[in-house]
Amino acid sequence: MNPANNNPPIVFSATFVRSLSSMEDLPPLDTVGVIGFVGRSNVGKSSLINRLTNRRHLAKVGRTPGKTTLANLYALDRGGYFLDLPGYGYMKRDKVTAGNARILASLLIEKIARFHRVLLLVDVRRGLLESDQEALFWLMDLGRPVTVVLSKSDLVTKNDLNKVRKLWENLVCRGGGIVSPQPIPLSTKTGEGLSELTGLLSADLYSPDRPDATPSDPGTKASRK
Ligand SMILES: Nc1nc2c(ncn2[C@@H]2O[C@H](COP(=O)(O)OP(=O)(O)O)[C@@H](O)[C@H]2O)c(=O)[nH]1
Ligand SMILES: [Mg+2]
């Protein structure tokens with residue numbers, strides 16, 4: 001909430017669990033909850049996961065074309081998970097692979113009972129891309145809370161950032177209660193938005209006020225090797 005405070009107060013210590021290419025790859029999960037990260041490849045999902053966990057190389061940054069169809073699961077030390085979902089907007093010619101990646105992401109979001117929030121990252125330099133708008137509508141249909149994150153805010157002027165923010169605000173207000181009314185500008189370079197995101201995700205995962213909050217059950221923890 002406080003833009004002057006660019007250091008997240010809480011760090012989500014995490015370890016990589018595994019990559020998933022199908023639902024069968026999903027290990028048993030603890031009962032705390034899952035936060036999903038969605039967005040075109042190269043939008044900054046891995047960089048955000050690394051910043052939130054204060055690890056430089058937990059998630060691979062940069063182009064990994066062969067891997068963008070996999071989901072990557074990270075276990076948080078306090079319980080719960082980050083799930084980096086397959087990117088979209090890539091491989092326009094390979095519709096089958098892109099379709100399969102979308103199906104996997106949809107299944108994971110639908111079938112994981114405690115899927116607490118999806119962060120939809122959009123590159124603020126691109127304005128309102130059709131594929132990003134379409135992703136928002138897709139996520140709204142899946143019925144989980146969605147927050148739009150305007151990534152790479154360090155690469156635009158404040159003026160341009162505000163224009164894009166308005167465009168997205170107008171769009172998300174159509175989402176009813178399940179889309180956060182205010183998109184969050186983010187820069188993994190300057191730290192803008194990290195405190196706000198950390199607060200939001202901590203409340204999602206660890207707030208005792210959550211209606212479905214229960215203590216985690218160590219007996220069902222995924223392997224954290
Ligand atoms: N300037 C700037 N570059 C960023 C930011 N976040 C990520 N990047 C760069 O964007 C590229 C893609 O980032 P990555 O995290 O791998 O995106 P992913 O494909 O969505 O996981 C890398 O070169 C990052 O260094 C940001 O906030 N600002
Ligand atoms: Mg990535």
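What share of the 225 residues of the protein counts as buried? The share is 39%. Keep in mind that this is a predicted model. Now start the tour.

**The whole chain**

Colour the protein by secondary structure. Five helices and seven strands appear. Follow the chain along the sequence and the pattern reads β-β-α-β-β-α-β-α-β-α-β-α. Now turn to contacts between residues with a separation of 6 or more. Of these, 74% join residues 24 or more positions apart.

**The sheet**

Select the strands. The seven strands make an open sheet with mixed pairing, and their order is 1-3-4-2-5-6-7. Look for the two edges: strand 1 (14-20) and strand 7 (184-185) each pair on one side only.

Begin at strand 1. Its partner is strand 3 (residues 71-76), and the two pair in the antiparallel sense over six bridges. Pick Ala 14. Across from Ala 14, in strand 3, stands Leu 76.

Next, add helix 2 (residues 95-111). Helix 2 packs on the sheet. It touches strand 2 (34-39), strand 3, strand 4 (81-84) and strand 5 (115-123). The direction of helix 2 makes about 30° with that of strand 3.

**Strand 2**

Move to strand 2. How many of its six residues are buried? Six of the six are, so strand 2 is largely enclosed by the rest of the structure. Show the residues one by one. Val 34, Gly 36 and Val 38 point one way, while Ile 35, Phe 37 and Gly 39 point the other way.

Strand 2 pairs with strand 4 in the parallel sense, over four bridges. Select Val 34 and find Tyr 81, its bridge partner in strand 4. Strand 2 also runs parallel to strand 5, and six bridges join these two. Here, select Phe 37 and look for Leu 119 opposite, in strand 5.

**The nonpolar core**

Stay with strands 2 and 5. The largest nonpolar core has 54 residues, and Val 38 and Leu 120 touch the most other members. Strand 5 gives the largest share of this core, six residues.

Centre the view on Leu 120. Which residues does Leu 120 touch, not counting those up to four places away in sequence? They are Val 38, Gly 39, Ala 135, Leu 136, Leu 139, Val 146, Val 148 and Val 149.

**Around ligand 1**

Now select ligand 1. There are 18 residues around it, and those that come nearest are Gly 44, Lys 45, Ser 46, Ser 47 and Thr 188. Colour this shell by class: three residues are nonpolar, 11 are polar and four are charged. Which helix gives the most to the shell? Helix 1 (residues 45-53) does, with three residues.

**The loop after helix 1**

Walk on from helix 1 towards strand 3. Three stops lie in the loop between these elements.

- Asn 54 sits in this loop. Its phi is near 55°, a positive value in a residue other than glycine. Asn 54 counts as partly exposed, because it has 13 C-beta neighbours inside 10 Å.
- Ala 59 is in the loop too. It counts as buried, because 22 C-beta neighbours lie inside 10 Å. Leaving aside neighbours within four places in sequence, Ala 59 is in contact with Ser 46, Ile 49, Asn 50, Asn 72 and Asp 84. Measure from Ala 59 to Lys 45, C-alpha to C-alpha: they are 8.7 Å apart in space and 14 residues apart in sequence.
- Thr 69 also has its place in this loop. With 21 other C-beta atoms within 10 Å, Thr 69 is buried. Not counting residues up to four places away, Thr 69 touches Pro 86, Thr 97, Asn 100 and Ala 101. Select Ser 21 as well: it is 48 residues from Thr 69 in sequence, yet 7.4 Å away in space, C-alpha to C-alpha.

**Last stop: Lys 152**

Go to the loop between strand 6 (146-151) and helix 4 (158-172), where Lys 152 lies. Lys 152 is not a glycine, yet its phi is positive, about 60°. Is Lys 152 buried or exposed? Lys 152 counts as buried, because it has 21 C-beta neighbours inside 10 Å.

Notes:
Residues are numbered from 1 along each chain as its sequence is written. Chains are lettered from A and ligands numbered from 1 in the order in which they are written. This is a predicted model: local features need pLDDT of at least 70, side-chain atom pairs count only at pLDDT 80 or more; totals for chains, interfaces and linings use all residues. Two strands pair if DSSP finds at least two bridges between them. Two residues are in contact if their C-beta atoms, placed from the backbone, lie within 7 Å. Axes are lines fitted to C-alpha atoms, for helices over the stretch in contact, and angles run from 0 to 180 degrees between N-to-C directions. A residue is near a molecule or strand if its C-beta atom, placed from the backbone, lies within 6 Å of it. Ala, Val, Leu, Ile, Met, Phe, Trp, Tyr, Cys and Pro count as nonpolar, Asp, Glu, Lys and Arg as charged, and the others, Gly among them, as polar. A nonpolar core is a set of buried Ala, Val, Leu, Ile, Met, Phe, Trp, Tyr and Cys residues joined through C-beta atoms within 7 Å. A residue is buried if 20 or more other C-beta atoms lie within 10 Å of its own, exposed if 12 or fewer, and partly exposed in between; C-beta atoms are placed from the backbone.
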